[in-house]
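Colleague: Please take a close look at one part of this model, the nonpolar surface patch. Then set it against the interior.

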Amino acid sequence: FCDRDTLFLEHIISELEIEVFNDRSMIIQQGDHGDKMYFLYCGEVEVLIGPDHVKVATLPSGSVFGEMALFGQHKRAASIRALG
């Protein structure tokens, strides 16, 4: 975003909402309809798949997730759970 026009960045920022999740809270549930993406400012989340919630990844601060909902894939491909 460092080379983007100031007006573009102001528009993007005006659309952001802050959400806070407690440890072990489910942020996204696999299979649910998705209509937004997340920018992880602080903390970590784990990526879980399948009915048994098998952990396949951990995302650190600065990660982005849920973005596929904005590119036409409206069903969530994985569950995301907050960590500490």
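Modeller: Phe1 counts as exposed because its relative accessibility is 62%, and the cut-off for exposed is over 50%. This is a predicted model. Phe1 sits in the segment before α1. Phe1 is also part of a nonpolar patch on the surface. The other members are Phe8, Ile12, Ile13, Leu16, Phe39 and Val64. Together the patch residues have about 670 Å² of accessible area. Helix α1, residues 6-15, gives the largest share of the patch, three residues.

Now the interior. The largest nonpolar core has 11 residues: Ile27, Ile28, Tyr38, Leu40, Val45, Val47, Leu59, Phe65, Ala78, Ile80 and Ala82. Two or more of these residues come from each of β1 (26-28), β3 (44-49) and β6 (79-83).

Tyr38 links the two topics. Tyr38 belongs to the core. Beyond four places in sequence, Tyr38 touches Ile27, Ile28 and Phe65, among others. Those three are core residues too. Tyr38 also touches Val64, a patch member. Its remaining contacts are Glu19, Phe21, Ser63 and Arg76.

One charged residue deserves a look as well. Arg81 lies in strand β6. Arg81 is buried because its relative accessible area is 17%, and buried means under 20%. The side chains of Arg81 and Glu46 are joined by a polar contact of 2.7 Å. With neighbours within four places in sequence left aside, Arg81 is in contact with Arg24, Ser25, Met26, Glu44, Val45, Glu46 and Leu48. Of that list, Val45 is one of the core residues.

How values were computed
Residues numbered from 1 in each chain as written. Predicted model: local features only at pLDDT ≥ 70, side-chain atom pairs only at ≥ 80, totals over all residues. Heavy atoms only, no water. Core = buried A, V, L, I, M, F, W, Y, C linked by side-chain atoms within 4.5 Å. Buried < 20%, exposed > 50% of the residue type's maximum accessible area, 1.4 Å probe, protein only. Helix = DSSP H or I, 4+ residues; strand = E, 2+ residues; numbered from the N terminus. Contact = heavy atoms within 4.5 Å. Patch = residues over 30% accessible without salt bridge, like charges linked within 9 Å, V, L, I, M, F, W, Y side chains within 5 Å. Areas by Shrake-Rupley, 256 points an atom, 1.4 Å probe, with all protein chains shown as cover. Salt bridge = Lys/Arg side-chain N within 4 Å of Asp/Glu carboxyl O. Polar contact = N/O pair within 3.5 Å; in protein donor to acceptor, adjacent residues only side chain to side chain.
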